[in-house]
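Visitor: Hi! Could you walk me through this one? I'd like to start with a single residue and work outwards.

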Amino acid sequence: MADRAVPVVEKRLMEVKLGEIGTWVGGRDFTPNGMISSVRKGYERYLNKYIHVKKGGIGGLSMVLAGYVVLSYVWSFDHIKHDRMRKYH
């Protein structure tokens with residue numbers, strides 16, 4: 001029972017070999033509903049792994065905060081870059 005072959009489409013990304021990546025990506029659902037469901041699934045996995053635990057710590061919330069800081073820096077990088085190149089006298 002444990003020796004049965006699993007189709008490439010049903011494997012997780014970390015279990016896919018390099019030669020099978022094209023088949024694996026081709027089996028993904030890139031419709032708007034598919035994208036929304038994949039984001040929802042990832043969000044629920046994050047909640048179950050880091051937030052909804054018996055002995056929670058600061059790890060999950062600090063990851064959200066770090067993600068926010070990186071995202072806001074990326075959004076404002078163009079403005080920061082122009083300020084850096086100005087000459088002050």
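**A chat about the model**

Guide: Happy to. Val25 has a relative accessibility of 35%, so it counts as partly exposed. Keep in mind that this is a predicted model.

Visitor: Which helix is Val25 found in?

Guide: Val25 belongs to helix H1.

Visitor: And how far apart in space are Val25 and Leu13?

Guide: Their C-alpha atoms are 9.3 Å apart, while in sequence the two residues are twelve residues apart.

Visitor: Let's move to Arg12. Is that one buried or exposed?

Guide: Arg12 has 55% relative accessibility, and the cut-off for exposed is over 50%, so Arg12 counts as exposed. It lies in the segment before helix H1, which covers 21–26.

Visitor: What is Arg12 in contact with, sequence neighbours aside?

Guide: Once neighbours within four places in sequence are set aside, Arg12 is in contact with Trp24 and Arg45. The C-alpha atoms of Arg12 and Trp24 are separated by 9.0 Å, with the two residues twelve residues apart along the chain.

Visitor: Now pockets. How much space lies in the largest one?

Guide: The largest pocket holds about 520 Å³ of space. It is lined by 17 residues, and the closest to its centre are Trp24, Arg28, Ser38, Lys41 and Arg45. Trp24 and Arg45 are also the two contacts of Arg12 that I mentioned.

Visitor: Which element gives the largest share of that lining?

Guide: That would be H2, with seven residues.

Visitor: What about the lining by class?

Guide: The lining of the largest pocket has six nonpolar, four polar and seven charged residues.

Visitor: Back to H2, then. How does H2 pack with H3?

Guide: Helix H2 spans residues 32–51 and helix H3 spans residues 59–75; they pack at an angle of about 135 degrees, and their axes are 8 Å apart. H2 and H3 are therefore oblique to each other.

Visitor: Which residues make the contact?

Guide: On the H2 side, Tyr46, Tyr50 and Ile51; on the H3 side, Gly60, Leu61, Met63 and Val64. By class, that contact has six nonpolar residues, one polar and no charged ones.

Visitor: Last one, zooming out. How many helices and strands does the protein chain have?

Guide: The protein chain has four helices and zero strands, so to speak in order from the N terminus, the elements run α-α-α-α. As for burial, buried residues make up 8% of the 89 residues in the protein chain.

Visitor: Great, thanks!

Terms used. Residues numbered from 1 in each chain as written. Predicted model: local features only at pLDDT ≥ 70, side-chain atom pairs only at ≥ 80, totals over all residues. Heavy atoms only, no water. Axes fitted to C-alpha atoms, helices over the stretch in contact; angles between N-to-C directions. Helix = DSSP H or I, 4+ residues; strand = E, 2+ residues; numbered from the N terminus. Parallel < 35°, antiparallel > 145°, perpendicular 65-115°, else oblique. Contact = heavy atoms within 4.5 Å. Nonpolar A, V, L, I, M, F, W, Y, C, P; charged D, E, K, R; others polar. Buried < 20%, exposed > 50% of the residue type's maximum accessible area, 1.4 Å probe, protein only. 1 Å grid on protein atoms, 1.4 Å probe; cavity = no way out; pocket = protein on both sides within 12 Å on 5 of 7 lines; lining within 4 Å. Points joined across faces, edges and corners; volume = space filled by probe spheres on them.
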